Amino acid sequence: MNDAASRDSIRIAAARHSRVTRFAALRHQIQSPSMSFLMEAHDGLSAKIVEEAGFRGIWASGLTMSASLGLRDSNEASWTQVLDALEYMADATSLPILVDGDTGHGNFNNVRRFVRKLGERGLAGVCIEDKLFPKTNSFIGEGQALADVEEFCGRIKAGKDSQIDDDFVLVARVEALISGLGMEEALRRAEAYHRAGADAILIHSKRAGAEEILDFTRRWGNRAPVVIVPTMYYAVPTQVFREAGISTVIWANHLLRSALVAMRETAARIAEDESLVRVEGQVASVQEVFRLVGNAELEQAERRYLPARPAAAAVVLAASAGDLGTLTADRPKCMVDIRGRPLLGSLVHTLRESGLRDITVVRGYRKEAVQLGGVRMVDNDRHAETGELWSLACARDAIRGETVIAYGDVLFRRHILDALLTSEADIVLAVDSLGTAARATTTPRDLVAADRGFSGDYLDDLPAQLRRIAPDLPPAEVCGEWMGLVRVSAAGAGWLREELAAMEAEGLLETADLPRLLTRLAARHPVRVLYFTGHWLDIDTLGDLAEARNLG
């Protein structure tokens, strides 16, 4: 056997072991003398949230999977569409998943194929209900017709005969109480389904109290584990179910319902405000989304499998004092606290997240207060009488290969930096297309004129080239605002050092700023403009500082 075949065999065996483990885990929970809980999930992301919350199993709800697709809970989503969603969920979590299989998506033949496909994807169990296909949600209408007992028993037998793992769990859901057929019919059906091979019985009720559920449990006598869904009788204390000997409680739809409330409130607020200011601090950060979906693992894989490229360096200009009142009396603006760490620390954290490790910080005002581990410090002791280019020249030895240059008082989302790092341009700068609108600030804005403005069309990938940056551009020329962030390739770094030397020879180095340098470079070389829409902050005022605490 060659190495590739051996690795494939190991991978397949590991997958089988993982699936067996999940099958066994669900069976253990269903059969355990202690009560277990399954939490609803409807996609891969919600499955991850369930696992992080500490639950030991997942209920893949038919209602919420359908609703997340904008469909009714009436088998409008095909069973293959449901299977696709379930596969994403199984891939996203290590927890066992009990699938809401509705009626089994048809007769015995549909059930056996569905069960087989669930097992192949590592789904640990399925619950099928004794209704007719296509189904109607149990909480809609009265007196819904139920399947013939013998026909439904055939579905159960077909499912059990088709499972690919002995620990696969098939739960039979009894709808007799929901349909008003009474306790005797519920017990009769439950016994028939148990004899047909069901591993557990889900007894369903839509009453506000749990009396009929508890009555069923007493009369059932633990012939098989009992599963309940207390959506309607939610006020009943959980201890009552535990004392009654209930096996498993399913919290059936609450993640989707809570998400609806949050999404509706967020959408309404943004529509009303035409701004993100009030909502940004109330929602999950983009970094949290990246964490949940496993971006860190991808980065590790890229380092392992992709060809290595020289790591980019970074130079941060942080020599100026800034003016934030008493906050900058004994420290520069870059060291003011932003959610538990200095502004400079947040900026360096973003740089490191994008793979930049060789970071040089040019400090000046109150330089003894600028302390940060793992970065190289260069001092501009003439900070009070010189400008940005002098600070940059202090660190020119650090600009040899690919380099990111950033102001020390800006924050930005990581995707902005990543876009600069993946650009093929030799010099590329980040421009906020929303910067065409006026905003309150105590410092001149770095307005950008380019040969093409931002189109807003995702299919429009024609590059924009810088013409000039200045605070006093005519409104008709303004394409956006420079974010104080630029990346140069090794070739671009050479051009930049040449321009620094030329400006030094002209006596301009002490007083000129970065926009002037970039404008001069654009007159001699292509300087690419990448447009973004917000997601950054230039901290000039106390108001900016307050907003920065919401830029997660």
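Helices are DSSP runs of H or I with at least four residues, numbered from the N terminus, and one of them, helix α3 (residues 62-68), is where this tour of a predicted model begins, because it gives the largest share, 3 residues, of the lining of the second largest cavity.

**First stop: a cavity**

Select Gly 62, Met 65, Ser 66, Asn 75, Glu 76, Ala 77, Val 82, Asp 100, Asp 102 and His 105, which together line the second largest cavity, a space with a volume of about 50 Å³. A search of the whole structure finds 3 cavities of 30 Å³ or more. If you colour this lining by residue type, you should find 3 nonpolar, 4 polar and 3 charged residues.

**Second stop: two positive phi angles**

Keep Asp 102 selected, since this lining residue has a positive phi of about 50° although it is not a glycine. Most residues other than glycine have a negative phi. Asp 102 sits in the loop between β3 (97-100) and α5 (108-120), and it is buried, with a relative accessible area of 6%.

Then move to His 535, in the loop between β20 (528-532) and β21 (536-538), where phi is again positive in a residue other than glycine, near 65°. His 535 has a relative accessible area of 33%, so it counts as partly exposed.

**Third stop: salt bridges**

Side chains of opposite charge can pair when their charged atoms come close. The count for this model comes to 43 salt bridges, and a good one to show next is that between Glu 175 and Lys 131, at 3.5 Å from N to O. Glu 175 lies in the loop between β5 (169-174) and α7 (183-196) and Lys 131 in the loop between β4 (125-129) and α6 (149-162), so this pair ties together parts that are 44 residues apart in sequence. Glu 175 is buried at 0% relative accessibility, and Lys 131 is buried at 2%.

Now select Arg 520 and Glu 499, whose closest N and O atoms are 2.8 Å apart in a salt bridge. The pair links helix α18 (residues 514-524), which holds Arg 520, with helix α17 (residues 490-505), which holds Glu 499, across 21 residues; both residues are buried. Elsewhere, select Arg 27, Lys 160, Asp 167 and Asp 199, which are joined into one network by salt bridges that share partners.

**Last stop: a surface patch**

Finally, show Leu 45, Ile 49, Val 289 and Val 293, which make a nonpolar surface patch of about 300 Å². Within the patch, Leu 45 belongs to helix α2 (residues 44-53) and counts as partly exposed at 39% relative accessibility.

Note on methods. Residues numbered from 1 in each chain as written. Predicted model: local features only at pLDDT ≥ 70, side-chain atom pairs only at ≥ 80, totals over all residues. Heavy atoms only, no water. Patch = residues over 30% accessible without salt bridge, like charges linked within 9 Å, V, L, I, M, F, W, Y side chains within 5 Å. Areas by Shrake-Rupley, 256 points an atom, 1.4 Å probe, with all protein chains shown as cover. Salt bridge = Lys/Arg side-chain N within 4 Å of Asp/Glu carboxyl O. Helix = DSSP H or I, 4+ residues; strand = E, 2+ residues; numbered from the N terminus. Buried < 20%, exposed > 50% of the residue type's maximum accessible area, 1.4 Å probe, protein only. 1 Å grid on protein atoms, 1.4 Å probe; cavity = no way out; pocket = protein on both sides within 12 Å on 5 of 7 lines; lining within 4 Å. Points joined across faces, edges and corners; volume = space filled by probe spheres on them. Nonpolar A, V, L, I, M, F, W, Y, C, P; charged D, E, K, R; others polar.
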